[in-house]
Amino acid sequence: MRLALGCQFQFELPRPTPMIARLWTHQSRLADLETPDQLRTDPPVPLQAFHDEFGNFCSRLVAPAGCFGIEIAAVVRDSGQPDPPHPDYAGTPVEDLPETVLGYLLGSRYCDTDLMAPVAWARFGTRPGGQALVQEICDYVQAQIRFDYLQARVTRTASQAHAEGVGVCRDYAHLAITLCRCMNIPARYCTGYLSEIGTATPDAPGDFAAWIEVWLDGGWRLFDPRNNVPRIGRVLVARGRDAADVAMIHSFGLHQLISFQVRTEPMP
């Protein structure tokens with residue numbers, strides 16, 4: 001299967017503004033690209049490429065004052081198969097975890113483990129670990145949060161999503177990550193494209209998706225607490241501790257977002 005991917009942003013800026021764009025297809029999918037991602041700005045500006053501390057490919061730029069656009073497009077080859085099922089992955093005791101994953105046990109901007117730890121231990125403290133516990137956490141998160149795109153809020157933390165019982169995919173991801181970390185399971189945030197292939201009731205179009213990866217049985221394993229079923233056409237863009245680390249566009253100044261479009265469409 002071939003997927004046409006892309007997104008477009010239009011901003012209004014009062015003055016020249018530095019930005020970081022984190023829009024490129026993740027390096028783990030580079031071999032699946034038919035051609036390299038094509039990133040364009042309007043008006044054209046110089047781009048400086050770099051990798052952030054999580055290995056995500058980024059571009060630095062200075063957007064001029066006025067109307068400014070950023071867009072990227074790519075064609076990716078995909079298996080067309082749903083996310084693979086999870087075997088009965090075992091958990092790893094904290095003392096045996098690799099040093100490189102220990103940071104994903106700690107609280108972060110949106111994953112307030114200090115506030116959620118009592119909830120996590122009261123609900124999951126007697127459960128066996130490993131894949132079964134992560135799946136139970138995802139089931140709990142999906143039941144706890146009602147999806148409502150109109151109530152999206154960029155400042156909502158995991159504990160607030162839990163208390164309010166409403167959110168979007170990033171809130172599902174943050175709450176699941178937080179509960180996993182409280183139970184000593186390293187977890188990280190993922191964002192990217194997700195097609196609507198095979199879904200009976202598609203979400204409102206025009207946004208990126210969020211899911212999680214947890215460290216089980218010696219590797220990172222994908223879970224999707226928002227959908228909680230295997231999906232087709234998932235393409236990673238960036239990973240981090242939470243959404244603060246993987247902002248698609250980070251602006252170092254005032255700006256107004258005029259329009260925003262995302263597409264993930266099958267091609268012949």
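In this predicted model, helix 1, which spans residues 113–124, packs against helix 2, residues 131–144, at an angle of about 115°, and their axes lie 12 Å apart. Because angles of 65 to 115 degrees count as roughly perpendicular, helix 1 and helix 2 are assigned to that class. The crossing in which helix 1 passes helix 2 is right-handed. On the side of helix 1, the contact is formed by Val119, Arg123 and Phe124, and on the side of helix 2 by Leu133, Glu136, Ile137 and Tyr140. Sorted by character, the residues of this contact comprise five nonpolar and two charged ones, with no polar residue.

Helix 2 also packs against helix 4, which covers residues 169–182; here the angle is about 140° and the axes are 9 Å apart. This arrangement makes helix 2 oblique to helix 4, and the crossing is again described as right-handed. Helix 2 contributes Val134, Ile137, Tyr140, Val141, Gln142 and Gln144 to the contact, while helix 4 contributes Tyr172, Leu175, Ala176, Leu179 and Cys180. Nine nonpolar and two polar residues make up the contact of helix 2 with helix 4, and no charged residue takes part. Ile137 and Tyr140 of helix 2 are thus named both in the contact with helix 1 and in the contact with helix 4.

Turning to the strands, four of them form an open sheet in the order 3-6-1-14, with antiparallel pairing. Strand 3 (38–42) and strand 14 (256–267) each have a single partner strand and stand at the edges, so that one side of each is left without a neighbour in the sheet. On average, and with direction ignored, neighbouring strands of this sheet are turned by 10° against each other. Within the sheet, strand 1 (residues 2–13) runs antiparallel to strand 14 and is joined to strand 14 by eleven bridges; among the residues involved, Arg2 has Met267 of strand 14 as its bridge partner.

Aromatic pairs were also examined, and a search of the whole structure finds nine of them. One pair consists of Trp24 and Phe57, whose ring centres are 5.1 Å apart and whose planes stand at 75°, so the pair is edge-to-face. Trp24 lies in the loop between strand 2 (17–21) and strand 3, whereas Phe57 belongs to strand 5 (residues 57–63); with their positions 33 residues apart in numbering, the pair links distant parts of the chain.

Key: Residues are numbered from 1 along each chain as its sequence is written. This is a predicted model: local features need pLDDT of at least 70, side-chain atom pairs count only at pLDDT 80 or more; totals for chains, interfaces and linings use all residues. Side-chain values use heavy atoms; hydrogens and water are left out. Axes are lines fitted to C-alpha atoms, for helices over the stretch in contact, and angles run from 0 to 180 degrees between N-to-C directions. Helices (H or I, at least four residues) and strands (E, at least two) are DSSP runs, numbered from the N terminus. Angles under 35 degrees count as roughly parallel, over 145 as roughly antiparallel, 65 to 115 as roughly perpendicular and the rest as oblique. A crossing is left-handed if the near helix is turned anticlockwise from the far one by less than a right angle, and right-handed if clockwise. Contact means heavy atoms within 4.5 Å. Ala, Val, Leu, Ile, Met, Phe, Trp, Tyr, Cys and Pro count as nonpolar, Asp, Glu, Lys and Arg as charged, and the others, Gly among them, as polar. Two strands pair if DSSP finds at least two bridges between them. Rings of Phe, Tyr and Trp (its six-membered ring) pair if their centres lie within 6.5 Å; planes under 30 degrees apart count as stacked, over 60 as edge-to-face and the rest as tilted.
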